[in-house]
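Hi,

Here is the structure I said I would pass on. Could you open it up and read my notes alongside?

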2 protein chains.
Amino acid sequence: MPASVRKKRARAATLADVGRAAGVSAMAASAVLNSARTSSRISPDTRARIVAAAQLLNYRPNAAARALLARRMNTIGVAAVVDAGELNTYFLEVFNGLLEAAAQHEQNTTVFTFHDWTHDVPARLPRFCDGRVDGLILIAPLVAMDVLRKIAGHTPYVTIHNDLAVPGVVNLESDEEAGAFTLVTHLIAQGHRRILHLTGNRGRRGSERRIAAYRRALEAAGIVYDPALVVDSSYSTPAGAQSMRTWLQQNPAAPLPDAVFCANDGIAVGVMEVLAEAGYSVPGDVSVAGFDDSLVARTASPQLTTVRQPLRAMGRQAVESLLLQIRAEHEHDSGMPATQTAIVFPTELIARASVAPRARAAAT
Amino acid sequence: MPASVRKKRARAATLADVGRAAGVSAMAASAVLNSARTSSRISPDTRARIVAAAQLLNYRPNAAARALLARRMNTIGVAAVVDAGELNTYFLEVFNGLLEAAAQHEQNTTVFTFHDWTHDVPARLPRFCDGRVDGLILIAPLVAMDVLRKIAGHTPYVTIHNDLAVPGVVNLESDEEAGAFTLVTHLIAQGHRRILHLTGNRGRRGSERRIAAYRRALEAAGIVYDPALVVDSSYSTPAGAQSMRTWLQQNPAAPLPDAVFCANDGIAVGVMEVLAEAGYSVPGDVSVAGFDDSLVARTASPQLTTVRQPLRAMGRQAVESLLLQIRAEHEHDSGMPATQTAIVFPTELIARASVAPRARAAAT
DNA sequence: CTGAAAGCGCTTACAG
DNA sequence: CTGAAAGCGCTTACAG
């Protein structure tokens, strides 16, 4: 008989089984094995018998039964939208932080992926709020207020980069506007004037903040804002490549911009690919800057000048904030703790090789 | 009073609540709302009242209670070792595939991260097999046979790139040896003779297979194997950079190798960084090849020649195989299905810009 | 120091 | 067509 045919897996041992084996009741076994508080009431002798029986039977307390009593799964749900099955680097950095902090607090992390925020999330997310997770972390949600309020009605959650401020719900964000302003000012300080901006998804708060900062920085430097230099794109490498390619085709006579400010690193990578294909050198012919300081910023060549958002730290903080909330609700049942509803992380300019001083002959 | 102080979240409605509101018993409500099979036995009128009550009370069936009865959580556990909190690209590709397939089957995915396979996994993994997941997927495990057997005793699981063949446990692997052989042969065909190999973690089956294939390919081409050209490294970008840097320091007089065959793409990225720092051009001065065709292979510059492992497809398949097993155990309780215990995926050479024909003046 | 009872929220037989 | 009973595995009072 081949090795692949195997005997039936044994039913997992229960407390009753352990008790029977040790000659005591199930709750004596429970006291010894599971509830730290009352375990002192069992005599050392009985305790030893119970522990031995549990060992022998390979007893593992049933999580579902415990959760049913405790109304607590020790599991955190993470909701994110995944485009075409592609985890973006933004998500990965945040997720890494989540995993770290969750592990530290002995919490599990379960991931819910959605196709879009507008239909899929309202349709499916409430179904997951059925006790399988104690709370949720929504990563860069783009959800109508009534949906958010409804979720808040039954499940504690924390958002990262939420577009909407929901009263009483903690949202983690970073000072993107200051970061973008600093970056564009840096480009200008390097002598760049014609700065192309490839935006993130329009309508998202982060995208609009970058655009606003871009305009403010130009203005502060006395450079006239040219709307033709702001090109709608979206937060991915293919989108960045596509936008850059289209711009080059549509502006065959125009000189290259001095620099390209991309709304995230992914876009910047796409832009650099297209520029390389077209025979341009970065930063020799044109400087390129990204945003996020995600993994690709360091593996890109040349390495990307970018604005660092502390995404991993934000992921860790999301878990901490959520846990604080969950615990508070479990302990004093009488109300929510007064939590800070917005936590803003600082951003930081990271100057690398993809931006160089403007060294070409003629000016515009 | 600030918005952050909010009223207590209401206790979630139960079937009893819904029944009471609709003037029927809890199990009538259950029949209508939850169990598809017997729902036909309720009159249309009653049904409508129950549905309305559920809607009003925002009833969501309790996952823990259901799991307790069904012995099924509809959740898959993923166990992986994460070095220093850094998710590597190998894991990410696989994870992406897992998430896709899990979502398709309406299964949740919970992630368990460990520090190492030898101590942390045996110590903590069994505790997670307590009903919170229906089965496990172990990603590139490196665990002693007795530990694997013990897990198999209570929880169905599937492994990806397991070093050990456990009878009756499905393992997914790829034909790494053929892939590595093809790659090294490709390098030789481009005129390269002195090929440096930076290995993966020694002792891992995948690493040893690459080394064996490297030797076989040299031999097949009549090139004498030089042990000094095989350098122990491990599967990460910092390790690759470190190994390359050390080699350059220790061999100041030696000519550069013609090509570097790296055991994965991460190593190759580290190698290219160090070569660039040292003023060498890739592939002008030296060709570099990786393994995996992970995300970084495409964002690296020049883009990496590599061996594609279909990691995402492997992730998807792992979920399918595991679900097959879980379902079989739940349906006919009498035994395990005869499953294929090894599934081998083909690899594919991906030729990109980081490898070029040898064009330098002198030969060795 | 130890056990019998009750209940978490649900579903699956079994009566009516 | 509908409900009372029993039980999934556990823990929390309450008796002894």
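Below is what I found, starting with the DNA and then moving into chain B. One thing to keep in mind throughout: this is a predicted model.

**Around the DNA**

Let's start with DNA strand D, which has 23 residues around it. The closest are Thr14(A), Ser30(A), Asn34(A), Asn62(A) and Ala65(A). The elements giving two or more residues to this surface are helix 2 (26-33) and helix 4 (63-70) of chain A, along with helix 2 (26-33) and helix 4 (63-70) of chain B. Helix 4 of chain A has the largest share, at four residues. As for chemistry, the surface near DNA strand D has 13 nonpolar, eight polar and two charged residues.

Now go to DNA strand C, where 23 residues surround the strand. Here the closest are Thr14(B), Ser30(B), Asn34(B), Asn62(B) and Ala65(B). Two or more residues each come from helix 2 and helix 4 of chain A and from helix 2 and helix 4 of chain B. Helix 4 of chain B gives the most, with four residues. By class, the surface near DNA strand C divides into 13 nonpolar, eight polar and two charged residues.

**Strand 4 of chain B and its neighbours**

Next, have a look at strand 4 (residues 157-160) of chain B. Tyr157(B) and Thr159(B) point one way, Val158(B) and Ile160(B) point the other way, and all are buried. That fits the usual pattern, as side chains in a regular strand alternate between the two faces of the sheet.

Strand 4 of chain B pairs in the parallel sense with strand 3 (residues 135-139) of chain B, over four bridges. Within that pairing, Tyr157(B) is the bridge partner of Leu136(B). Add helix 7 (residues 145-154) of chain B to these two strands and you get a right-handed β-α-β unit.

Strand 4 of chain B also runs parallel to strand 5 (residues 171-174) of chain B, and two bridges join them. Thr159(B) has Asn171(B) as its bridge partner there.

**Helix 10 of chain B**

Last stop: helix 10 (residues 237-250) of chain B. Its 14 residues reach 20 Å from the first C-alpha to the last, close to the 20 Å expected at 1.5 Å a residue. The buried residues of this helix are Thr237(B), Ala239(B), Gly240(B), Ala241(B), Ser243(B), Met244(B) and Trp247(B). What covers them includes strand 6 (195-198), strand 7 (230-231), strand 8 (259-262) and helix 11 (265-277) of chain B.

Cheers

Conventions: Residues are numbered from 1 along each chain as its sequence is written. Chains are lettered from A and ligands numbered from 1 in the order in which they are written. This is a predicted model: local features need pLDDT of at least 70, side-chain atom pairs count only at pLDDT 80 or more; totals for chains, interfaces and linings use all residues. A residue is near a molecule or strand if its C-beta atom, placed from the backbone, lies within 6 Å of it. Ala, Val, Leu, Ile, Met, Phe, Trp, Tyr, Cys and Pro count as nonpolar, Asp, Glu, Lys and Arg as charged, and the others, Gly among them, as polar. The expected span of a helix is 1.5 Å times one less than its number of residues. A residue is buried if 20 or more other C-beta atoms lie within 10 Å of its own, exposed if 12 or fewer, and partly exposed in between; C-beta atoms are placed from the backbone. Two residues are in contact if their C-beta atoms, placed from the backbone, lie within 7 Å. Two strands pair if DSSP finds at least two bridges between them. A crossover is right-handed if, with the strands pointing away from the viewer, the path from the first strand over the helix to the second runs clockwise.
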